[in-house]
Amino acid sequence: DLARDKLEADLGTQYMVASASEGGTVRSFSTVLQALQFASFILLLSGAFLVYNAFAITLSERRREIGQLRTLGMTRGQVLTQSLAEALITALLGSSVGLLFGWGLGQGLLTTVVATEGINVPAVSPPLDGALMGVGAGVVVTLLVTLRLAWQAGRVSPLLALKTDVAGERRAHPYERWGLIGGVGLLIAYV
């Protein structure tokens, strides 16, 4: 107690000194846990943004092919199903690789903490429910952000396959681009 009082006096009122027995470590871990939850939410949003852009570009480049498939008899529902199946496969693969990468990163961080602190911590394996929740979140987010794109792909006219000039396609309005750039800028500034 005497050392703590002396340390508090030396540090000033802007710092709080607490021992592990008083719950200081628990408060520190709680803060770290909240920061990790916020970071995971931001990463999920950025992942959704990247998936949306990737599928938008892919489906935009394949509009003529989709028009050809529609000319050969593919229905709107089949195009929608095919696009969502591609999104599902991508989501499963991406979420699984991300889960393995995250687990490896966590093991590396744990090894570093053990080496620097000299604490003997047993090996940690990811819980099955956490792994399923991570993969499930990746799948749900991917399917939600690609649903509109898949629906638009199903609306491609079969006549598009006959066109030689695709100059008449809709271009993004300047306000849409500036809104997207502003939104990304605000997200970066917030982080």
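**Exercise 1.** In this predicted model, describe the largest pocket, whose volume is about 1,900 Å³: which elements line the largest pocket, and which classes of residue are found there?

*Solution.*
Step 1. Find the elements: helix 2 (24–61), helix 4 and helix 5 each give two or more residues to the lining. Helix 2 gives the most, with 18 residues.
Step 2. Locate the centre. The lining comprises 44 residues, and those nearest the centre of the pocket are Ser40, Leu43, Gly98, Leu99 and Gly102.
Step 3. Sort by class: 27 nonpolar, 17 polar and no charged residues line the pocket. Gly is counted as polar in this scheme.

**Exercise 2.** Describe helix 5, one of the elements that line the pocket: what is its span, and where is its kink centred?

*Solution.*
Step 1. Helix 5 covers residues 128–154, 27 residues in total. From first C-alpha to last it reaches 37 Å, close to the 39 Å expected at 1.5 Å a residue.
Step 2. The kink in helix 5 is about 40° and is centred on Leu147.
Step 3. List buried residues, taking under 20% relative accessible area as the cut-off. Among them are Ala131, Val135, Gly138, Val145, Thr146, Leu149 and Ala150.

**Exercise 3.** How many cavities of 30 Å³ or more does the structure hold, and which residues line the largest cavity?

*Solution.*
Step 1. The search returns 1 cavity, with a volume of about 50 Å³.
Step 2. Its lining consists of Arg62, Ile66, Leu69, Met74, Val79, Gln82 and Ser83.
Step 3. Helix 3 (63–71) and helix 4 (76–117) each supply at least two of these residues; the largest share, 3 residues, is from helix 4.
Step 4. By class, the lining has 4 nonpolar, 2 polar and 1 charged.

Methods. Residues are numbered from 1 along each chain as its sequence is written. This is a predicted model: local features need pLDDT of at least 70, side-chain atom pairs count only at pLDDT 80 or more; totals for chains, interfaces and linings use all residues. Side-chain values use heavy atoms; hydrogens and water are left out. On a 1 Å grid over the protein atoms alone, a cavity is a set of points where a 1.4 Å probe fits but cannot get out, and a pocket is an open set with protein on both sides within 12 Å along at least five of seven lines; lining residues have an atom within 4 Å of a point. Grid points are joined across faces, edges and corners, and a volume is the space filled by probe spheres set on the points. Helices (H or I, at least four residues) and strands (E, at least two) are DSSP runs, numbered from the N terminus. The expected span of a helix is 1.5 Å times one less than its number of residues. The bend at a residue is the angle between axes fitted to the seven residues ending there and the seven starting there. Buried means under 20% relative accessible area, exposed over 50%, partly exposed in between (1.4 Å probe, protein chains only).
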